[in-house]
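Work through the exercises below with the coordinates open. Try each task before reading its solution.

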Number of protein chains: 2
Amino acid sequence: MEIREYIKQNLPRIIDEWASLIRIPSISAEADHHDDMIRCANRWCELLKAAGADRAEAMPSDGNPIVYGEKLIDPKLPTILVYSHYDVMPVAPLELWKSDPFEPSVRDGRLYARGADDDKGQAMIQVKAFEYINRMNELRCNVKFIFEGEEEIGSPSLESFCKKHKDLLKCDTILVSDTSMIGKDTPSLTTGLRGLAYWEIEVTGPNRDLHSGHFGGAVMNPINALCKILSQVVDDHGRITIPGFYDKVLPVPEAEREMIRQIPFNLGNYKKAIDVDDVAGEEGYSTLERNSCRPSFDICGIWGGHTGEGSKTVLPSKAYAKVSCRLVANQDHHEISEAFAKYIPTLAPKGVRVKVTPMHGGQGYVCPIDWAPYRAAEQGFTEGFGKKPLAARRGGSIPIISTFEQVLGVKTVLMGFGLESNAIHSPNENMDLEVFENGIVSVVGFYHHI
Amino acid sequence: MEIREYIKQNLPRIIDEWASLIRIPSISAEADHHDDMIRCANRWCELLKAAGADRAEAMPSDGNPIVYGEKLIDPKLPTILVYSHYDVMPVAPLELWKSDPFEPSVRDGRLYARGADDDKGQAMIQVKAFEYINRMNELRCNVKFIFEGEEEIGSPSLESFCKKHKDLLKCDTILVSDTSMIGKDTPSLTTGLRGLAYWEIEVTGPNRDLHSGHFGGAVMNPINALCKILSQVVDDHGRITIPGFYDKVLPVPEAEREMIRQIPFNLGNYKKAIDVDDVAGEEGYSTLERNSCRPSFDICGIWGGHTGEGSKTVLPSKAYAKVSCRLVANQDHHEISEAFAKYIPTLAPKGVRVKVTPMHGGQGYVCPIDWAPYRAAEQGFTEGFGKKPLAARRGGSIPIISTFEQVLGVKTVLMGFGLESNAIHSPNENMDLEVFENGIVSVVGFYHHI
């Protein structure tokens with residue numbers, strides 16, 4: 001049976017299986033979802049076995065269990081290791097969701113739910129392509145699966161798991177569907193990822209909240225101080241001011257800048273889609289360069305003082321921020337993390353104490369486009385989407401890609417099927433069902449051509 | 001019976017009455033305490049009548065009811081109007097309270113509770129002095145009471161109430177206990193108050209939370225923008241940069257600066273009490289000048305993005321701050337409020353929209369120290385605390401003082417009995433019970449000398 005016919009006949013069942021995963025709120029960042037992590041891992045084991053894996057189990061790690069599955073047909077044939085994650089991001093602010101984030105809702109050809117794309121949806125694409133290849137008896141390689149439960153909190157247990165189970169995870173190619181394409185009509189394969197460093201900053205002023213009338217103007221306010229500090233991390237040219245920050249950044253080659261200029265991109269539509277009057281960023285770079293080849297600094301969260309109803313006048317004791325840098329290939333996240341932790345306190349005005357806590361980080365990654373598995377993926381995409389995919393660096397971070405490279409010594413092909421409009425990490429995350437189908441066709445093509 | 005003996009005999013009852021007020025969580029800033037406001041107003045009516053008022057009722061206003069009470073003995077005698085407020089501040093962060101904020105706890109000679117000082121405790125001082133004078137048949141003036149329920153949210157209904165009931169509130173002197181003294185051993189009367197202007201700022205970037213990997217560096221982050229904006233409001237010399245901000249500020253007269261220098265003040269102890277390494281503020285002014293005679297800018301609250309557990313990477317859609325300026329006599333809060341609302345958007349980087357919403361405000365105030373009622377208060381304090389009180393400008397704001405001056409045409413004497421260590425507006429608010437007693441003696445003295 002042809003793959004599109006297979007999908008057509010099996011779609012209700014596939015969506016049921018997908019929904020069974022979505023209904024488990026496997027939020028790794030929130031401790032009270034511990035049991036959901038285990039339920040979600042076990043559900044994946046069932047689905048992997050149903051799809052044809054000979055073995056699938058939730059294995060213990062230092063943190064949430066890691067799902068391992070395999071179908072080994074011949075030790076002489078190449079082995080593909082499919083990576084995904086079964087954890088999802090928190091869902092706040094809940095009031096902005098048009099439907100329950102943990103109850104899939106299909107509207108206008110899209111399935112809405114937390115994890116619809118990232119990464120339960122993309123993992124379903126992988127598993128359903130594997131199922132088809134299996135049932136058609138077309139499998140010509142060994143396949144292993146590793147689905148972790150801590151990707152959204154920086155994969156703290158994955159590296160030690162890989163080191164411990166190096167033989168089990170032995171493979172020739174890693175295949176990951178956790179990235180996005182340039183557009184529905186512009187399929188692309190991700191050839192570069194940004195690295196990440198993440199910190200929490202705590203600024204302490206007085207030992208208790210003070211009355212701003214009695215103390216205001218005479219005692220440094222820690223929120224005023226925090227704003228002063230954070231305002232200095234990016235200068236007026238959009239450059240990050242951490243000493244040594246750009247030392248290891250390789251300039252973007254002119255050839256690559258030329259390729260980026262060829263990517264269909266309409267700045268007007270881009271601004272309209274996110275409803276901003278203007279874009280902003282590092283001087284001398286285009287939007288597509290800024291969000292893929294150049295590093296960035298974002299305050300991901302800030303809080304302090306009176307944040308409730310009404311107009312309480314207070315000079316608070318503490319102020320906090322969670323901040324992150326996206327890094328580019330060749331920047332070392334450990335070095336950047338240290339440089340930042342040293343730098344931030346030097347920006348503080350007198351009268352406050354500053355504590356910088358590194359949270360997590362990951363290295364950037366570049367994939368060679370003349371590598372055979374990359375070529376197989378390119379052919380798969382051409383079959384799935386009807387046109388040759390572009391090679392593109394993307395701005396997100398999957399720190400584990402460089403972990404795999406370092407620990408297992410294997411490179412990764414990033415066959416990602418997300419779209420910007422899928423709103424991952426945001427309210428109303430969704431997956432375009434046409435892309436979902438084309439994605440399965442693409443991965444089937446990958447198996448045919450590898 | 002001598003007043004100290006009277007207090008000794010009646011203290012258990014007085015504390016019971018005080019506790020009955022504290023147990024009503026009359027938080028005006030939180031809408032779900034609406035019924036508590038009414039209960040607290042009614043409880044005050046009972047207590048005023050029990051203390052000797054001929055009439056006491058909770059009168060309707062545009063907002064929470066306003067308690068009015070009176071004892072009129074002779075229209076030819078002068079009339080004192082005692083102002084207080086029965087509303088209290090919110091109690092967050094609750095985990096920092098050592099005992100329930102709404103259940104009084106006496107420890108080491110202090111009574112701990114929200115409102116122990118501000119202003120249920122200070123109002124009890126007034127009412128118990130009135131009770132004594134009454135029971136001893138020593139009242140030689142008419143007394144009126146007005147206790148409002150919206151002081152902590154800027155008294156939005158008081159001005160129209162005063163205008164509507166101008167005849168009812170007719171008086172010669174307004175007496176207010178809602179300020180603090182320099183120290184337990186350094187009694188002082190407040191002769192100046194700062195004004196206030198308060199705003200909420202909303203910065204909007206993209207129309208939804210974005211993935212900081214896919215958009216970071218290319219789209220202005222509204223928290224980054226908010227920090228950039230707020231960091232520019234105070235310059236490196238501690239001067240506020242709002243155009244025209246200092247135009248109407250009168251220089252502090254050298255004579256007053258000299259008097260301020262004579263106030264016992266130990267900077268080391270001050271820093272130690274609030275546990276800061278250094279003080280900060282406007283260059284060229286001392287700490288006591290900065291917190292009383294000079295304006296200030298404080299960020300009272302800030303929030304945006306991911307403020308929960310874990311390390312979510314997000315480029316949020318919105319960021320918010322609540323900010324306030326303390327103003328000094330002669331600055332007009334309406335003018336400052338407008339100037340600020342015009343200025344803030346000019347500081348915004350491109351790619352965000354800024355909305356400034358004025359919340360509330362009040363004018364500053366200065367009390368003449370050669371005024372007879374001021375002198376009576378001075379004598380009362382001398383009897384209560386055993387030494388002549390200093391005249392001092394204070395940094396807080398009681399916007400209604402200038403409202404009274406404008407609407408009723410009457411000046412106010414500020415007989416305040418707070419201490420810095422009373423931690424008003426903070427966790428573990430408290431009242432020193434020795435000061436509480438001395439306070440009652442002082443107000444009794446005021447009645448004797450007026």
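The exercises that follow concern a predicted model.

**Exercise 1. The contact between the chains**

Task: State how many residues chain B and chain A each bring to the contact, and give the area buried between them.

Solution.
1. Take the residues. Chain A brings 89 residues to the contact, and chain B brings 89 residues.
2. Take the area. About 7,400 Å² is buried between chain B and chain A. Carbon and sulfur atoms give 52% of that area.
3. Look for the top contributors. H214(B), I274(B) and K312(B) supply 8% of the area that chain B buries against chain A. No other three residues supply more.

**Exercise 2. Polar pairs across the interface**

Task: Count the salt bridges and the residue pairs in polar contact between chain B and chain A. Then test the pair D278(B) and K350(A) against the salt-bridge rule.

Solution.
1. The rule finds 4 salt bridges across the interface of chain B and chain A.
2. For D278(B) and K350(A), the closest N and O atoms are 3.9 Å apart. The cut-off is within 4 Å, from a side-chain nitrogen of Lys or Arg to a carboxyl oxygen of Asp or Glu. D278(B) therefore forms a salt bridge with K350(A).
3. Polar contacts between chain B and chain A come to 47 residue pairs, with both residues at pLDDT 80 or more.
4. Now list elements. Those of chain B that give two or more residues to the side touching chain A include α5 (212–215), α6 (222–231), α8 (267–274) and β11 (318–327).
5. Which element gives the most to this side? β10(B) does, with 10 residues.
6. Sort the residues by class. The side of chain B that touches chain A has 36 nonpolar, 32 polar and 21 charged residues.

**Exercise 3. Strand pairing**

Task: Find how β10(B) pairs with a strand of chain A, then describe how β1(A) and β2(A) are paired and joined.

Solution.
1. Start between the chains. Strand β10 (residues 296–305) of chain A is joined to β10(B) by 5 bridges. The two strands run antiparallel.
2. Fix the register with one pair. I302(A) stands opposite G304(B).
3. Move into chain A. Strand β1 (residues 55–59) and strand β2 (residues 66–71) of chain A pair over 5 bridges, in the antiparallel sense.
4. Fix this register too. A56(A) has G69(A) in β2(A) as its bridge partner.
5. Add the connection. A hairpin of 6 residues joins β1(A) to β2(A).

**Exercise 4. Two helix residues of chain B**

Task: Decide whether A377(B) and N134(B) are buried or exposed, and name their contacts beyond four places in sequence.

Solution.
1. Place A377(B). This residue is in helix α11 (residues 372–385) of chain B.
2. Apply the cut-off. A377(B) has 0% relative accessibility, and buried means under 20%, so A377(B) is buried.
3. Name its partners. Beyond four places in sequence, A377(B) is in contact with L189(B), V413(B), M415(B) and F446(B).
4. Place N134(B). This residue is in helix α3 (residues 120–135) of chain B.
5. Apply the cut-off again. N134(B) is buried because its relative accessible area is 12%.
6. Name its partners. Beyond four places in sequence, N134(B) is in contact with A51(B), G52(B), K71(B) and L139(B).
7. Look closer at A51(B). Its backbone oxygen lies 3.4 Å from a polar atom of the N134(B) side chain.

**Exercise 5. Unusual backbone angles**

Task: Locate the cis peptide bonds ending at P93(B) and D119(B). Then examine phi at S155(A) and H425(A).

Solution.
1. Recall the background. Most peptide bonds are trans, and most residues other than glycine have a negative phi.
2. The bond from A92(B) to P93(B) is cis, with omega near 0°. P93(B) lies in the loop between β3 (79–85) and β4 (105–107) of chain B.
3. The bond from D118(B) to D119(B) is also cis, with omega near 5°. D119(B) is in the loop between β5 (110–112) and α3 of chain B.
4. S155(A) is not a glycine, yet its phi is positive, about 50°. S155(A) sits in the loop between β6 (142–148) and α4 (158–164) of chain A. Its relative accessible area is 9%, so S155(A) is buried.
5. H425(A) has a positive phi near 70°. H425(A) lies in the loop between β15 (412–414) and β16 (430–432) of chain A. At 4% relative accessibility, H425(A) counts as buried.

Methods: Residues numbered from 1 in each chain as written. Chains lettered and ligands numbered in written order. Heavy atoms only, no water. Helix = DSSP H or I, 4+ residues; strand = E, 2+ residues; numbered from the N terminus. Buried < 20%, exposed > 50% of the residue type's maximum accessible area, 1.4 Å probe, protein only. Contact = heavy atoms within 4.5 Å. Buried area = accessible area lost by both parts, 1.4 Å probe. Polar contact = N/O pair within 3.5 Å; in protein donor to acceptor, adjacent residues only side chain to side chain. Nonpolar A, V, L, I, M, F, W, Y, C, P; charged D, E, K, R; others polar. Pairing = 2+ DSSP bridges.
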